[in-house]
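User: Please take a close look at one part of this model, the helix beside the ligand. Then place that helix in its wider setting.

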Amino acid sequence: MDYEEGKGWHNAKITEYKPIELSPAATVLHYGQAVFEGLKAYATEAGEILLFRPDQNFKRLNRSNERLCIPAIDEEFALYALKELLQIDRDWVPTSEGTSLYIRPFIIATEPYLGVSPAKNYKFMIIMSPVGSYYAEGINPIKILVEQHYVRAVAGGTGEAKAGGNYASSLKGSELANAQGYAQTLWLDGKEHQYVEEVGSMNIFFKIAGKVITPALNGSILAGITRDSMINVLKSKNIPVEERKIAFLEIVEAANNGTLEEVFGTGTAAVISPVGYLKWSDGAIDVNNGQIGEVTQMLYDTLTGIQYGKLEDTFGWTIKL
Ligand code: PMP
């Protein structure tokens with residue numbers, strides 16, 4: 001679908017997957033006006049296809065649009081277009097255990113213009129690919145490196161948008177972490193380098209002395225849809241959960257006094273990922289002896305149960321195709 005000033009969004013069509021034409025002067029290539037989303041379609045044993053909270057993805061896409069001066073899309077139309085696309089061939093959604101169809105809606109500025117101002121032309125596209133488990137480790141606990149030099153986002157920047165540039169700024173830290181054998185980077189805040197923000201493509205949760213805590217949304221953390229869903233699951237099970245500022249030192253102290261019980265990340269691609277080991281410049285923490293914790297396992301079972309249609313969706317999160 002294309003956007004043109006004066007004409008709005010138009011020309012919605014489904015085409016084969018192929019390269020697109022783009023002027024070398026397209027503003028996205030120079031000034032980074034690019035936003036995206038990530039969601040999944042799941043095949044149930046009964047042969048249905050389920051989408052998990054897709055309305056939330058298109059809502060967040062419009063919040064990202066707003067931050068990057070990209071014209072809003074019609075959220076209902078976007079969902080309708082996605083459903084039409086999925087109906088073309090239901091076999092696109094893989095059916096073997098743990099697999100799903102990853103869906104990537106995105107918008108780029110296409111106007112050929114050298115100059116820093118919001119573009120007058122855009123393209124909204126949706127591409128898809130079957131995927132398996134995100135980590136080589138599967139559901140086994142992953143190792144994370146705490147990044148203390150580079151930052152991913154700062155308050156007032158574009159951290160809370162799902163903007164391409166945020167991922168460009170995170171590459172260096174991730175590369176260093178990967179080279180040392182860590183699956184992901186834990187980002188700290190961009191101002192004081194003290195407070196926990198999020199992991200590469202996941203929001204992060206800690207269970208300390210029976211209470212689950214996660215950093216509050218502060219303008220530089222992505223408002224994860226899995227994060228919001230898991231907060232709701234925890235509340236529904238009467239497990240205490242708190243969204244607040246968390247100093248990394250608090251996690252170190254909890255580990256030292258034996259009250260750090262579980263650490264896990266949440267994300268569309270990563271699902272629920274237990275964290276078994278955290279390393280930073282002055283030390284390392286073994287979490288739960290490198291084993292998956294009880295609450296982490298419960299959240300994983302609940303989330304995947306709902307997504308694959310094995311558990312009743314009491315939250316009304318899934319859309320059936
Ligand atoms: N933080 C970042 C930086 C991400 O890229 C993602 C993945 N979209 C998340 C958190 C988790 O968000 P969600 O649960 O909506 O996938």
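Analyst: What follows starts at the ligand, moves along the helix, and then works outward through the chain.

This is a predicted model. The ligand has 13 residues around it. G224, I225, T226, G267 and T268 come nearest. Two elements give two or more residues each to this shell: α5 (225-236) and β14 (260-267). α5 gives the most, with three residues. By character, the shell divides into three nonpolar, eight polar and two charged residues.

Now the helix itself. α5 has twelve residues. Its span from first C-alpha to last is 17 Å, close to the 16 Å expected at 1.5 Å a residue. Which residues of α5 are buried? They are I225, T226, R227, S229, M230 and L234. I225 and T226 thus appear twice: they are buried in α5, and they are among the residues that come nearest the ligand. An α-helix has 3.6 residues a turn, so residues three or four places apart point the same way.

What do the buried residues of α5 pack against? The partners are α2, β11 (203-208), β12 (211-214), β13 (241-243), β14 and α7 (294-307). β14 is therefore a partner of the helix as well as a contributor to the ligand shell. After α5 comes N238, whose phi is positive, near 60°.

One packing partner leads to the domain level. The chain is assigned domain 1 (2-132) and domain 2 (142-313). Their centres, taken over C-alpha atoms, are separated by 26 Å. The contact takes 23 residues from domain 1 and 14 residues from domain 2. On the domain 1 side, β3 (34-36), β4 (39-43), β5 (49-52) and α2 (54-67) each supply at least two residues. α2 has the largest share there, six residues. That side divides into ten nonpolar, six polar and seven charged residues. α2 is also packed against by the buried residues of α5.

Next, the cores. The largest nonpolar core holds 39 residues. Of these, I144, L186, V196, F206, V275 and L278 touch the most other members. Leaving aside neighbours within four places in sequence, I144 is in contact with Y182, A183, Q184, L186, V199, V275 and L278. A second, separate core has 29 residues, including A41, Y42, I108 and A163. In soluble globular proteins, nonpolar side chains tend to be buried together.

The loops around these elements deserve a look. Between β12 and α5 lies a loop that holds L217. L217 counts as partly exposed because it has 15 C-beta neighbours inside 10 Å. Leaving aside neighbours within four places in sequence, L217 is in contact with E160 and A223. L217 and E197 are 20 residues apart in sequence, yet 8.8 Å apart in space, C-alpha to C-alpha.

The loop between β11 and β12 contains A209. Is A209 buried or exposed? A209 is exposed, because 11 other C-beta atoms lie within 10 Å and the limit for exposed is 12 or fewer. Its phi is positive, about 45°, although A209 is not a glycine. H193 also has a positive phi, near 55°, in a residue other than glycine. H193 sits in the loop between β9 (184-188) and β10 (196-199). With 15 other C-beta atoms within 10 Å, H193 is partly exposed.

Two further sites complete the tour. A255 is in helix α6 (residues 248-256). A255 has 19 other C-beta atoms within 10 Å; buried needs 20 or more, so A255 is partly exposed. Beyond neighbours within four places in sequence, A255 is in contact with L260 and I285. A255 and R244 are eleven residues apart in sequence and 19 Å apart in space, C-alpha to C-alpha.

L321 lies in the segment after β17 (318-320). L321 is partly exposed, with 14 other C-beta atoms within 10 Å. Leaving aside neighbours within four places in sequence, L321 is in contact with E48, I49, L51, K83, L86 and Q87. L321 and A41 are 280 residues apart in sequence, but 9.6 Å apart in space, C-alpha to C-alpha. A41 is among the residues of the second core.

Note on methods. Residues are numbered from 1 along each chain as its sequence is written. This is a predicted model: local features need pLDDT of at least 70, side-chain atom pairs count only at pLDDT 80 or more; totals for chains, interfaces and linings use all residues. A nonpolar core is a set of buried Ala, Val, Leu, Ile, Met, Phe, Trp, Tyr and Cys residues joined through C-beta atoms within 7 Å. Two residues are in contact if their C-beta atoms, placed from the backbone, lie within 7 Å. A residue is near a molecule or strand if its C-beta atom, placed from the backbone, lies within 6 Å of it. Helices (H or I, at least four residues) and strands (E, at least two) are DSSP runs, numbered from the N terminus. Ala, Val, Leu, Ile, Met, Phe, Trp, Tyr, Cys and Pro count as nonpolar, Asp, Glu, Lys and Arg as charged, and the others, Gly among them, as polar. Domain bounds come from an automatic or database domain assignment. The expected span of a helix is 1.5 Å times one less than its number of residues.
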